[in-house]
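Here are a few exercises to work through with the model open beside you. Try each task on your own, then follow the solution step by step.

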Amino acid sequence: MMVSRLTLRCALARRVLHASRCQPQPIHRRPLAPMQATGSSDSDRAQAQMMEQVAGSSHLIEEMMTEISEELFVESAVSFVAEDGTADSGAAAAVVRSVVSVRLEQLDATFLATLDAYIRGAAEKGAADVADVLRLVRDEVLRGLSQRLPAEMQLLDAALKAPSSSAREAVLKQYALLSEEQLAAALAAKINDEVSADTEPVSTSTPGGKQRLHCLASDFERAISQVIGDMELMVTVPDRVLLLRLVLLREQVLQLLLEEPRSSSSDASGRAGAPAAFRQPFTQLQAVPKICVMFLQRLVAISTPEERQLLLRRAFTDDVERLPGAGQLGPDATQRERQRAEAEAPQDWVRPGRFMLTVAALQAELLEPGSEVAADFAAPKEAVLERLESVRRDALAVLQRLDEAALEAAAKGDPFLP
């Protein structure tokens with residue numbers, strides 16, 4: 001039995017050692033067209049730089065796989081001599097973790113894409129054991145990189161992995177803290193727990209393992225808003241489900257912040273004090289998107305929630321609500337004008353993140369004395385505020401239903417297209 005186990009482990013080591021034979025297919029460059037502008041040389045230099053980075057990533061992968069194979073061979077031999085079964089329990093994962101940890105600083109933007117190509121190449125050539133080790137490398141790289149992210153981004157990753165909306169809310173309440181005092185106490189407790197655990201391994205597969213998830217809720221809200229803003233400025237949103245989930249997550253964080261005065265300490269007069277870390281509950285827009293205001297005006301004029309939610313779902317899941325006349329250029333438009341119009345196109349659409357910010361900004365403005373926003377809606381201020389709140393609740397209901405549908409599809413392994 002021992003000989004059989006050693007033979008299998010050594011066979012795996014030999015296959016890993018020759019993983020370079022499973023390299024991805026070379027990237028064939030198309031012949032360059034005759035240069036017609038100075039930009040062609042810049043493009044050529046950028047492509048050459050990318051090819052150099054891919055080659056460097058390939059070399060690094062082969063170096064890592066060689067070291068892993070050697071470590072697995074030695075570990076298997078030691079296990080055979082000792083006649084125990086320790087070699088079969090997480091040995092490969094431990095070796096991969098050690099090899100990856102000392103090379104994280106060497107990775108660049110092309111590494112994961114190159115690694116994925118190696119995994120596909122190994123699978124296509126029938127080297128399933130090599131592909132498995134390469135996947136261990138990828139998982140360990142992702143884990144190591146995530147632990148180096150700021151606490152806000154680590155918490156964002158953990159919240160997005162939650163299996164349900166209620167689980168996500170529980171993660172937020174535990175780690176998105178409302179004051180500097182709470183954050184300091186939580187970090188101190190975290191350090192004490194790690195010290196008391198001594199050398200006992202801490203799980204990194206669950207929120208709070210070796211990760212630093214505790215952060216201020218206000219900082220977390222700003223981090224989410226930055227991600228949402230970046231996604232919504234793209235001409236095509238790459239992942240609608242992710243965008244919708246991020247917007248819903250931000251609304252959950254804002255709700256926590258709005259509840260802070262009721263749970264925070266009161267001042268000497270017994271009145272609840274203003275939130276220490278987040279005095280303004282809504283992120284004000286420097287310029288409220290005109291298309292969002294126009295869409296809101298249509299929604300406010302609709303009395304039935306079902307009809308409003310239908311329009312909201314269409315607007316959130318596809319670019320169908322656009323500023324009238326946007327993107328229309330004359331036949332004599334220059335190339336520069338066309339490029340500018342294309343770059344500005346994302347700002348002409350209703351997208352969920354900026355829509356929710358618009359609702360919040362208008363609500364805050366209407367609460368200001370002497371506000372004239374209600375005139376844009378041709379209705380008394382109180383009626384506009386009430387209807388805006390109804391629209392906000394409708395939007396949240398749409399986001400929650402889409403999120404639940406996506407989670408249910410993921411649990412079944414089915415694709416979900418909103």
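Before starting, one cut-off: a residue is buried under 20% relative accessible area, exposed over 50%, and partly exposed in between. Keep in mind that this is a predicted model.

**Exercise 1. A pair in one helix**

Task: Look at the salt bridge between Glu140 and Arg143, and work out how each residue is classed for burial.

Solution:
- Step 1. Start with the contact itself: the two side chains meet in a salt bridge, at 2.8 Å from N to O.
- Step 2. Now place the pair. Glu140 and Arg143 both sit in helix H5 (residues 128-147), and because they are three residues apart there, about one helical turn separates them.
- Step 3. Take Arg143: its relative accessibility is 30%, so Arg143 counts as partly exposed.
- Step 4. Glu140 has 11% relative accessibility, so Glu140 counts as buried.

**Exercise 2. Pairs across the chain**

Task: Find where Arg298 and Glu321 sit, and then do likewise for Arg308 and Asp394.

Solution:
- Step 1. A bit of background helps: side chains of opposite charge can pair when their charged atoms come close.
- Step 2. The side chains of Arg298 and Glu321 form a salt bridge of 2.7 Å, N to O. This pair ties distant parts of the chain together, with Arg298 in helix H11 (residues 290-300) and Glu321 in the loop between helix H12 (305-317) and helix H13 (335-344), 23 residues apart.
- Step 3. Check burial. Arg298 has a relative accessible area of 40%, so Arg298 is partly exposed. Glu321 is at 10%, so Glu321 is buried.
- Step 4. On to the other pair: Arg308 and Asp394 make a salt bridge whose closest N and O atoms are 2.6 Å apart. Here too distant parts of the chain are linked, since Arg308 belongs to helix H12 and Asp394 to helix H15, 86 residues apart.
- Step 5. Both Arg308 and Asp394 are buried.
- Step 6. For the wider picture, the whole structure has 18 salt bridges. Glu63, Glu67 and Arg103 are joined in a network of them.

**Exercise 3. A buried arginine with no salt bridge**

Task: What does the side chain of Arg250 reach, and which residues is Arg250 in contact with beyond its neighbours within four places in sequence?

Solution:
- Step 1. Locate Arg250 in helix H10 (residues 240-263).
- Step 2. Look for an opposite charge. Arg250 is buried but has no salt bridge, and the nearest side chain of opposite charge, Glu251, is 4.6 Å away. The salt-bridge cut-off is 4 Å, so that distance doesn't qualify.
- Step 3. Follow the side chain instead: the side chain of Arg250 comes to 3.0 Å from the backbone oxygen of Gly353.
- Step 4. List the contacts, with neighbours within four places left out: Glu221, Ile224, Ser225, Ile228, Gly353 and Leu357.

**Exercise 4. A cavity and its walls**

Task: Which residues line the second largest cavity, and which helices each supply at least two of them?

Solution:
- Step 1. Count first: there are two cavities of 30 Å³ or more. The second largest holds about 30 Å³ of space.
- Step 2. Its lining is made of Val241, Leu244, Arg245, Leu402, Asp403, Ala406 and Phe416.
- Step 3. H10 and helix H15 (381-412) each give at least two residues to that lining.

Key
Residues numbered from 1 in each chain as written. Predicted model: local features only at pLDDT ≥ 70, side-chain atom pairs only at ≥ 80, totals over all residues. Heavy atoms only, no water. Helix = DSSP H or I, 4+ residues; strand = E, 2+ residues; numbered from the N terminus. Buried < 20%, exposed > 50% of the residue type's maximum accessible area, 1.4 Å probe, protein only. Lys, Arg positive; Asp, Glu negative; His and termini not counted. Polar contact = N/O pair within 3.5 Å; in protein donor to acceptor, adjacent residues only side chain to side chain. Contact = heavy atoms within 4.5 Å. 1 Å grid on protein atoms, 1.4 Å probe; cavity = no way out; pocket = protein on both sides within 12 Å on 5 of 7 lines; lining within 4 Å. Points joined across faces, edges and corners; volume = space filled by probe spheres on them.
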